[in-house]
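User: Could you zoom in on one sheet and the helix packing around it? I'd like the pairing, the edges and the contacts in one go.

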Amino acid sequence: MESGKGFLKKQRKFWIPRLIKNGYEKLLQLDYDLLVSDWADKERILTSDTSAESGRWKTSRTPYLREIMNCLSPSHPCRKVVFMKGAQIGGTEAGLNWLGFIIHCAPGPTLVVNPSIETSKRNSKMRLAPMVENTPALAERITSPRAKDSGNTIFQKDFPGGSLIMTGANAPSGLRSVPIRYLFLDEIDEYPKDAGTEGDPVDLAIQRTATFANRKIFMISTPTIKDLSRIEQAFLEGDQRYYEVPCPYCDHYQVLRWANIMFDSKNCTEAVHKCEKCGELWHDWQKEQILSRGRWVARRPENTDVVSFHLSSLYSPHGWLSWTDIAKEFLLAKDEPTRLQVWTNTKLAESWEDMAGDAIDPTNLVARAEYFGDELPAGVCILTCGVDVQDNRLEIEIVGWGRGEESWSIDYQIIYGDPSTPELWAEMDRVLARRYKHAINLPDLHITATCIDSGGHYADQVVSYCHPRRIYGVFAIKGDGGFGKPIWPTSASKNAKTKKPVYMIGVNDAKDVLMRRLHGDTSAGQWHFPRGRDIEWFEQLTNEIVRKKFSKGRLVREWQPRKAGVRTEALDCRVYAYAALRALVRNYKLNLDEIAAKNAALSPNVAHRQPAQNQNAPAAQQVRRVRRVRSRGIEF
Ligand SMILES: [Zn+2]
């Protein structure tokens with residue numbers, strides 16, 4: 001690596017003569033020893049329309065950004081700076097300060113790449129333009145866009161000695177052509193895998209910096225999915241710096257970790273951080289003191305080519321995003337995989353490890369089978385039914401649900417016959433008519449809701465069967481393979497031919513929820529299987545895994561059969577039975593916990609299962625450590 005002095009010499013040799021040649025010598029107020037953070041403190045003005053705090057920029061407010069910005073300064077020898085970050089810590093502002101510094105103090109050809117042309121346009125208008133307008137040192141270097149031939153458009157800002165071009169990672173033309181010295185790659189985990197047919201957009205953009213020995217590349221993003229996250233990969237290639245802060249009580253330096261955030265999961269009024277050494281609790285208002293004394297520590301100092309930083313939202317300054325906000329959001333997200341993933345990515349700045357892709361050994365599930373007896377297990381509050389329609393048979397699972405969506409597979413039946421004939425559906429009526437005796441002193445249960453798959457060859461027959469029985473909770477459904485689709489829709493769709501209602505159910509999210517529970521990732525929603533169930537049933541339950549792929553430039557996850565041709569009817573039936581439960585929750589405000597409490601009051605002598613977390617914890621234990629639900633990519 002070249003020394004700072006030699007580097008400066010080259011800078012002056014290369015740039016200054018060019019600027020003078022181009023008639024810009026009057027504007028050369030170049031100070032190559034100036035740091036981006038010092039520039040920002042001196043020049044940058046924030047306004048209330050674009051930032052939470054208006055007035056002069058103060059690096060002391062987000063002291064962790066100082067070193068990041070200083071690595072972007074010309075006097076720092078590194079070429080590539082990587083920032084893997086959480087929300088609301090001011091990461092974007094660090095990039096903007098760098099751009100302001102370039103325009104004012106170290107001009108050169110600059111390219112800013114956003115995930116798409118649209119985001120580029122938005123960022124140009126909402127972030128860059130206000131910074132230029134409100135910071136006098138920049139406003140005098142970039143002509144107003146209203147002036148004629150100003151060289152100031154949404155996608156290009158000319159300034160003495162350089163030009164700033166903004167483009168989208170989805171636009172290969174913007175990533176080719178002229179060489180660039182400064183490259184700002186913003187939110188790179190949102191980039192499409194390919195920029196048209198030209199290859200990886202990050203590689204394309206980086207190639208353009210090759211001719212500049214004094215180039216700087218800044219990559220910034222919140223991470224997404226493990227193994228697919230560009231920012232995580234770049235972070236791991238670097239020297240992996242984490243921000244360590246001192247305990248106000250024992251002075252022990254430590255990284256802020258989610259595992260040390262304590263809060264009451266039933267009534268979260270304040271989340272605090274517990275010192276990993278002395279156990280003292282730190283409050284959000286102490287952040288200013290804690291952050292100002294922090295320091296970056298590299299975990300892999302031997303990786304000298306790239307400087308890489310990791311910072312979660314737990315570092316968000318007091319008054320921005322509190323530990324309490326983050327904890328409350330966690331409590332809302334923890335049982336929904338898609339929301340939990342977003343929370344993990346944006347708040348912890350960690351990639352999401354898709355445990356759903358891990359195989360579950362069906363023989364382990366067989367070993368967990370229990371003896372149910374002839375009657376319904378005591379914890380069952382309600383019964384639902386899921387029906388998979390095949391060309392020669394119906395496969396039917398009847399599921400009992402209890403507190404916290406704990407489930408019991410009460411029965412699994414296969415009825416052979418032709419779905420186009422009334423005989424088979426008469427059999428279905430007999431299944432639905434059955435009453436189930438409870439093991440405890442409670443009225444018999446019948447099946448409250450049923451979902452029948454209308455996605456196959458017999459859609460019209462299924463819809464015709466379900467429609468007159470809808471008052472008994474029998475619904476025609478169809479699986480919707482998109483991600484983030486609600487398990488039960490807000491309204492029904494219509495069958496194309498009969499115009500009767502069909503409910504589109506979010507099968508991927510349903511499988512996410514169910515398979516996490518089958519994995520044992522959550523304390524709630526445990527599965528129970530009866531002894532004597534065929535091994536093939538267990539195999540079918542576990543025959544699908546999550547696959548990740550890029551589709552139309554976006555990352556998608558899909559549950560797919562492990563191998564072509566394997567059977568998955570048992571899993572489908574369970575998904576439909578679960579969708580039926582969700583229908584009751586959504587449309588009839590079913591509350592399993594309330595029913596379980598009522599049942600317990602009616603049969604006080606029977607030991608009802610309690611949820612894994614004891615609700616009657618003594619007051620001293622109210623602030624409780626909440627277990628991290630998943631392991632993720634970054635090791636501390
Ligand atoms: Zn301490």
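Analyst: **The sheet and its helices**

Strands β19 (residues 447-453) and β20 (residues 474-480) run parallel and are joined by four bridges; DSSP has to find at least two bridges for strands to pair. This is a predicted model, where local features need pLDDT of at least 70, side-chain atom pairs count only at pLDDT 80 or more, and totals for chains, interfaces and linings use all residues. Numbering starts from 1 along each chain as its sequence is written.

Sitting opposite threonine 450, its bridge partner in β20 is valine 474. Zooming out, these strands belong to an open sheet of eight, ordered β21-β22-β20-β19-β16-β17-β18-β23, and the pairing is mixed. At the edges you'll find β21 (493-494) and β23 (527-528), each pairing on one side only. Strands here are DSSP E runs of at least two residues, helices H or I runs of at least four, numbered from the N terminus.

Helix α15 (residues 459-466) packs on this sheet and touches β16 (382-390), β19, β20 and β22 (501-506). A touch means C-beta atoms, placed from the backbone, within 7 Å. The direction of α15 makes about 145° with that of β20.

For another bit of packing, look at α11 (residues 323-333) and α12 (residues 337-347): their axes are 8 Å apart, at an angle of about 155° (lines fitted to C-alpha atoms over the stretch in contact, angles from 0 to 180 degrees between N-to-C directions). So α11 is roughly antiparallel to α12 (over 145 degrees). On α11, the contact uses Ile326, Glu329, Phe330 and Ala333, while α12 brings Arg339, Leu340, Trp343 and Lys347.

Note on methods:
Angles under 35 degrees count as roughly parallel, over 145 as roughly antiparallel, 65 to 115 as roughly perpendicular and the rest as oblique. Two residues are in contact if their C-beta atoms, placed from the backbone, lie within 7 Å.
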